[in-house]
Amino acid sequence: MELAKMIDHTNLKAFATEADIEKLCGEAREYGFASVCVNPAYVALASELLEGSGVKVCTVVGFPLGQNTVAAKVFEARDAIENGATEIDYVLNVPRLKAKDLYYIENEMAAIVDLCHENGAETKVIFENCYLDNEDIENAARVALKVKPDFIKTSTGFGTGGATVEDVRLMKSVVGDEVKIKAAGGIRDKETALAMIEAGAERLGCSAGVQIVK
């Protein structure tokens, strides 16, 4: 296992500058991270900086609240892909999930996953587990089992809590090996990173990627 290859090297800060993104991409090249994860406004820049490096460009959609319409999320994902993104992390509609409107959750997921897969991009569905109970998490994971995004993801890192080992285990118990899991939010050291992987995560979202691999 090469830990760096499992990390999305992330800077989603509201005040991130072009220089910050250049630094992020330089580190991603140096350490061989799976991707950089940046806000949509920086996708084109990151794509240019990482051309030929083998490091993917990931961005976020409907971020961080997930309260956009399906059409808006699809437009945002398409725009990001046109700008060079090869991975899309979108936030599902938490109130709809908590209301058990699983038809809505499935329709939204399918619209974004289909768009991404038609354009050669991977999709990660952000559950934002800090606002969910176990039944909500299981319901969302069952929808994912049907729709088949590439990953389901624990958190945005902007909610009231981040990834937990317990949540990763719960998600894994539903999807097994059919859908991969990304743990994100609060992963700041190697011990936590390895615990998430042991629980079933195959990708980690970290702003502390360099510190972790060092």
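How many helices and strands does the secondary structure of the protein come to? It comes to nine helices and eight strands. The model is predicted.

**View 1. Overall dimensions of the protein.** The C-alpha atoms fill a box of roughly 45 × 35 × 30 Å along the principal axes. The radius of gyration is 16 Å. A compact globule of 214 residues would have a value near 17 Å, so the protein agrees with that expectation.

**View 2. Interior and contacts.** Of the 214 residues in the protein, 54% are buried. Contacts were counted between residues at least 6 apart in sequence, and 68% of these join residues at least 24 apart.

**View 3. Surface and charges.** The exposed area of the protein is about 9,400 Å². Carbon and sulfur atoms supply 48% of that area. The protein carries 23 positive and 34 negative charges. The mean positions of the two sets are 2 Å apart.

**View 4. Glutamate 2 and valine 213.** Glutamate 2 sits in the segment before strand 1, which spans 7-11. Is glutamate 2 buried or partly exposed? Its relative accessibility is 47%, so glutamate 2 counts as partly exposed; the exposed class begins over 50%. Along the chain, glutamate 2 and valine 213 are 211 residues apart. In space, their C-alpha atoms are separated by 9.3 Å.

How values were computed: Residues are numbered from 1 along each chain as its sequence is written. This is a predicted model: local features need pLDDT of at least 70, side-chain atom pairs count only at pLDDT 80 or more; totals for chains, interfaces and linings use all residues. Side-chain values use heavy atoms; hydrogens and water are left out. Helices (H or I, at least four residues) and strands (E, at least two) are DSSP runs, numbered from the N terminus. The radius of gyration is taken over C-alpha atoms; the globule rule is 2.2 Å times the number of residues to the power 0.38. Buried means under 20% relative accessible area, exposed over 50%, partly exposed in between (1.4 Å probe, protein chains only). Contact means heavy atoms within 4.5 Å. Accessible areas come from the Shrake-Rupley method with a 1.4 Å probe; for residues, only the protein chains shown count as cover. Lys and Arg count as positive and Asp and Glu as negative; His and the chain ends are not counted. The place of a charge is taken as NZ of Lys, CZ of Arg, CG of Asp or CD of Glu.
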